[in-house]
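This report looks at the pockets of one protein chain, at the ligand that accompanies it, and at some points of backbone geometry. The sequence and the structure come next.

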Amino acid sequence: MSTLHIINHPLIQHKLTYIRNKNTGTKDFRELVDEVATLMAFEITRDMPLEEIEIETPVSTAKSKILSGKKIGIVPILRAGLGMVDGILKLIPAAKVGHVGLYRDPETLKPVEYYVKLPSDVEERDFIVVDPMLATGGSAIDAIQSIKQRGAKNIKFMCLVASPQGVEAVQEAHPDVDIYVAALDEKLNDHGYIVPGLGDAGDRLFGTK
Ligand code: URA
């Protein structure tokens, strides 16, 4: 079963308060999302495998550890997920970045992929799918499905704020995918916004409305 990781670090919680505040403008919002993505990347990479190598320090030889070359792919869900990519790349600079863009057909309610581009070695990579908001779970479920269909086997999902419904829906659809959140909020309102949430993450990141 998928595990929900709530990353309760004081720095993340402090920055999230400013992200939530409606008086925080676009520039600060974008910078804060970037910083929180970096801090969350620290936690999401906690289980990365290491290997021991022998090196020479200026004083002696030493056995020391390095990452064992695990390949990572970051996949933002367009468009708000883009705001978290650079923050993660600061800690995992060699990661490749794929993109998934989806919308729901208003008549059939089926997900329509309008853009999917992943690294060519998709089967060899561990993926982190990112979107600041996990609301109904619909886009996350579809995006994860889309990259699984292309061969991805090991996937984590990372967001800033989640609703209980969203977490439950993703866990049910993808029990193999662990979820990392900075906050688990109270509920969704009738317009599909997370309460208390932070509003429309895409609009706040890109200054659109
Ligand atoms: N998407 C957002 O950007 N905000 C929400 O509250 C829910 C979905």
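A polar contact is taken here as a pair of N or O atoms within 3.5 Å. The model is a predicted one, and in it a backbone N or O atom of Gly 199 lies 2.7 Å from a nitrogen atom of the ligand. Two further contacts involve oxygen atoms of the ligand: a backbone N or O atom of Ile 194 is placed 2.8 Å from a ligand oxygen, and a polar backbone atom of Ala 201 is 2.8 Å from an oxygen atom of the ligand. On its own the ligand has 240 Å² of accessible area, of which the protein covers 80%.

The contacts can be set side by side.

| Residue (backbone atom) | Ligand atom | Distance |
|---|---|---|
| Ile 194 | oxygen | 2.8 Å |
| Gly 199 | nitrogen | 2.7 Å |
| Ala 201 | oxygen | 2.8 Å |

Around the ligand stand Met 133, Ala 135, Gly 192, Tyr 193, Ile 194, Gly 199, Asp 200 and Ala 201. By class, this shell divides into five nonpolar residues, two polar ones and one charged residue.

Where does the ligand sit? It occupies the largest pocket, whose volume is about 700 Å³. The lining of this pocket is made up of 28 residues, and those closest to its centre are Asp 131, Met 133, Ala 135, Ser 139 and Asp 200. The elements that contribute two or more residues to the lining are β6 (99-104), β7 (111-117), β9 (133-134), α4 (138-149) and α6 (201-206). Among the contributions to this lining, that of α4 is the largest share, at four residues. Sorted by class, the lining of the largest pocket holds 15 nonpolar, eight polar and five charged residues.

The second largest pocket has a volume of about 190 Å³. Its lining includes Thr 45, Met 48, Leu 67, Gly 69, Lys 70, Lys 71 and Ile 72, and Leu 91, Ile 92, Ala 94, Ala 95 and Arg 125 also belong to it. In this second lining, seven residues are nonpolar, two are polar and three are charged.

The backbone also contains cis peptide bonds. One joins Val 195 and Pro 196, with omega at about 0°, and Pro 196 is found in the loop between β13 (194-195) and α6. Another cis bond runs from Leu 78 to Arg 79, with omega near 0°, and Arg 79 lies in the loop that connects β4 (71-76) and α3 (85-89).

Note on methods. Residues are numbered from 1 along each chain as its sequence is written. This is a predicted model: local features need pLDDT of at least 70, side-chain atom pairs count only at pLDDT 80 or more; totals for chains, interfaces and linings use all residues. Side-chain values use heavy atoms; hydrogens and water are left out. On a 1 Å grid over the protein atoms alone, a cavity is a set of points where a 1.4 Å probe fits but cannot get out, and a pocket is an open set with protein on both sides within 12 Å along at least five of seven lines; lining residues have an atom within 4 Å of a point. Grid points are joined across faces, edges and corners, and a volume is the space filled by probe spheres set on the points. Ala, Val, Leu, Ile, Met, Phe, Trp, Tyr, Cys and Pro count as nonpolar, Asp, Glu, Lys and Arg as charged, and the others, Gly among them, as polar. A residue is near a molecule or strand if one of its heavy atoms lies within 4 Å of it. A polar contact is a pair of N or O atoms within 3.5 Å; within protein, one must be able to donate a hydrogen and the other to accept it, and residues adjacent in sequence count only if both atoms are side-chain atoms. Accessible areas come from the Shrake-Rupley method with a 1.4 Å probe; for residues, only the protein chains shown count as cover. A molecule sits in a cavity or pocket if more than half of its atoms lie within 2 Å of its grid points.
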